[in-house]
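Visitor: I am new to this structure and would like a close look at a single part of it. Could you take me through that part slowly and then show me what surrounds it?

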Amino acid sequence: MKLVWITLALVVAIFLSFAIEPFISPIASAEGARVYLMPVFFCFGACVLPFPCMLILALEAGILSDFSILHIVHHATEAIDSDTLQTISSSVEIPSGWSILFYLAFGSICQGVRPLVLRGHWWLPALLSALTTMTHLAIQFVIITMHRFTQDGLFWSETVAWRIVAPGLIASLLTLVLVVIATIAENLFTVGRRPERDF
Amino acid sequence: MRKVNIILASVVVLFGIAFMLLGTNTAQKVQRSIMGMMSPFLRTGSAVQQGLGAVGKGLKSLDELEEDNKRLTKENMELRAANEMLRNTQDENNRLREALDYRTRSLFRLIPTEVLTRDASTWWNSVVINRGFEDGVDDGTQGGVPMTVISDQGLVGKIMTASKNDSAVMLITDETCKVGAYVEGTREKGIVSGIRVQEGGKPELHMSFLSKHADLKPGQKVYTEGVGAVFPAGLLIGTVKSFKSRELDGEAIIEPAVDFSTMSDLFVISGAK
């Protein structure tokens, strides 16, 4: 029952993080890097919850991260007559759904270290949320770059590096805060009746 | 790994693959539903943000309010008069264009809107506005072209996806938003687009396919040309900042007319008057 409540709380937290993220201003001193809250909740959940619960979080995180920023590119327009115009074609720059597979893969890695996390290796969720955030942004950047490959060739700059690395570092710090809050909450609710952990 | 876990993981993988195979229109439908679910939260967040931003700013004395009211009434009268004059000039211009067998230009019908959230992603430049298809906003899936979004300063972008009550707007600072444009007082025409990753400070635009030896000076205004059917002609994009000659063509750096970091009141061009 406790697991169901934790999963539900994380499902709500992931949803709300998508509603909150747009209101957090980019960090000017980190070349406009953004703060991502969703990977914090996802990695924490994937490291402490059983496999089926992780799948629910992966599905939700994947759907929301792809469809909340679906980038449509219009290619051409055609005039039907002098007053009516119609778009000929448009495409999605990054195929929606890839994030589901991405979070499933990273969630599975988190499941691999779950026994260690439950034994008290508190730093593992932080490390994995940093890796998840950075890899997700890096893959997005690579896909866009391949899509928009021009005569200028591959595009890379210090700003790109900052925008990939800084959100990862921030996510890891936030995960540590979440782990501390979760540990305090667990201690509060299980005073005098600490059950044996099931791996 | 337990058998049930493998089956569940396979179902999730199938979901992922199914979503990847969705066509653009279907993907937009899913996005509309998600934007619909997010809408109340975004509106609440936006209201809270505006409320917090207004703390200490909105307190004015009665004298100051009266002063503001007088100034705004006078400005309103001046603008009405100027608008009427422009309307007459527009009619005259259209009559002359008609005589010369040119296509007539119309005044725009505008849908006023406000920015709900801005730039939620790292690699794309977009904002969400508080008007959707129920208010007449079209993203090009209703048989037309994506509608243009402007502010009182100039061109902002075009509608990317319109949900019931909100719409995502692709800004002209995005690399995939391309606008046919001309430079004021010259015969120079080119394509204006954003830069993939803007490096700090105010965003800049690139205007490419200009002639190699174009005589452009900083401060010259750049307007939409009206080709490609999405953006109407004559909308201010920005001003020329610099020009460089390349191997095959010329490229100008354009400073956008709109301040994208502070813009809040926008208008969607829903058609001709």
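**A close look at helix α1 of chain A**

Guide: In helix α1 of chain A, the buried residues are A:L10, A:I14, A:S17, A:F18 and A:A19. Before going further, please keep in mind that this is a predicted model, and that everything described here is computed from it. The helix runs over residues 2–20 of chain A, and because each residue should add 1.5 Å, its 19 residues should span 27 Å; the C-alpha atoms at its two ends are 26 Å apart, which agrees with that expectation.

If you follow chain A onward from α1, you come to the loop between α1 and α2 (38–48), and in this loop lies A:E31. Most residues other than glycine have a negative phi. A:E31, although it is not a glycine, has a positive phi of about 55°. This residue is also buried, because 20 other C-beta atoms lie within 10 Å, and 20 or more is what the term requires.

Helix α1 also has a part in the contact between the two chains, to which chain A brings 50 residues and chain B brings 45 residues. On the side of chain A that touches chain B, the elements giving two or more residues are α1, α3 (51–67), β1 (72–79), β2 (85–92), α4 (98–112), α6 (123–147) and α7 (158–189) of chain A. The one that gives the most to this side is α3 of chain A, with eight residues. Sorted by character, the residues on the side of chain A that touches chain B are 29 nonpolar, 15 polar and six charged.

Across the contact is chain B, which has three helices and 12 strands, and whose C-alpha atoms fill a box of roughly 75 × 60 × 40 Å along the principal axes. Chain B has 273 residues, of which 34% count as buried. Among the contacts in chain B between residues at least 6 apart in sequence, 58% join residues at least 24 apart.

Chain B, too, holds a residue other than glycine with a positive phi, namely B:F209, where the value is near 65°. Whereas A:E31 sits in a loop, B:F209 lies in strand β8 (residues 205–210) of chain B. B:F209 counts as partly exposed, because it has 14 C-beta neighbours inside 10 Å, while A:E31 is buried.

Methods:
Residues are numbered from 1 along each chain as its sequence is written. Chains are lettered from A and ligands numbered from 1 in the order in which they are written. This is a predicted model: local features need pLDDT of at least 70, side-chain atom pairs count only at pLDDT 80 or more; totals for chains, interfaces and linings use all residues. Helices (H or I, at least four residues) and strands (E, at least two) are DSSP runs, numbered from the N terminus. The expected span of a helix is 1.5 Å times one less than its number of residues. A residue is buried if 20 or more other C-beta atoms lie within 10 Å of its own, exposed if 12 or fewer, and partly exposed in between; C-beta atoms are placed from the backbone. Two residues are in contact if their C-beta atoms, placed from the backbone, lie within 7 Å. Ala, Val, Leu, Ile, Met, Phe, Trp, Tyr, Cys and Pro count as nonpolar, Asp, Glu, Lys and Arg as charged, and the others, Gly among them, as polar.
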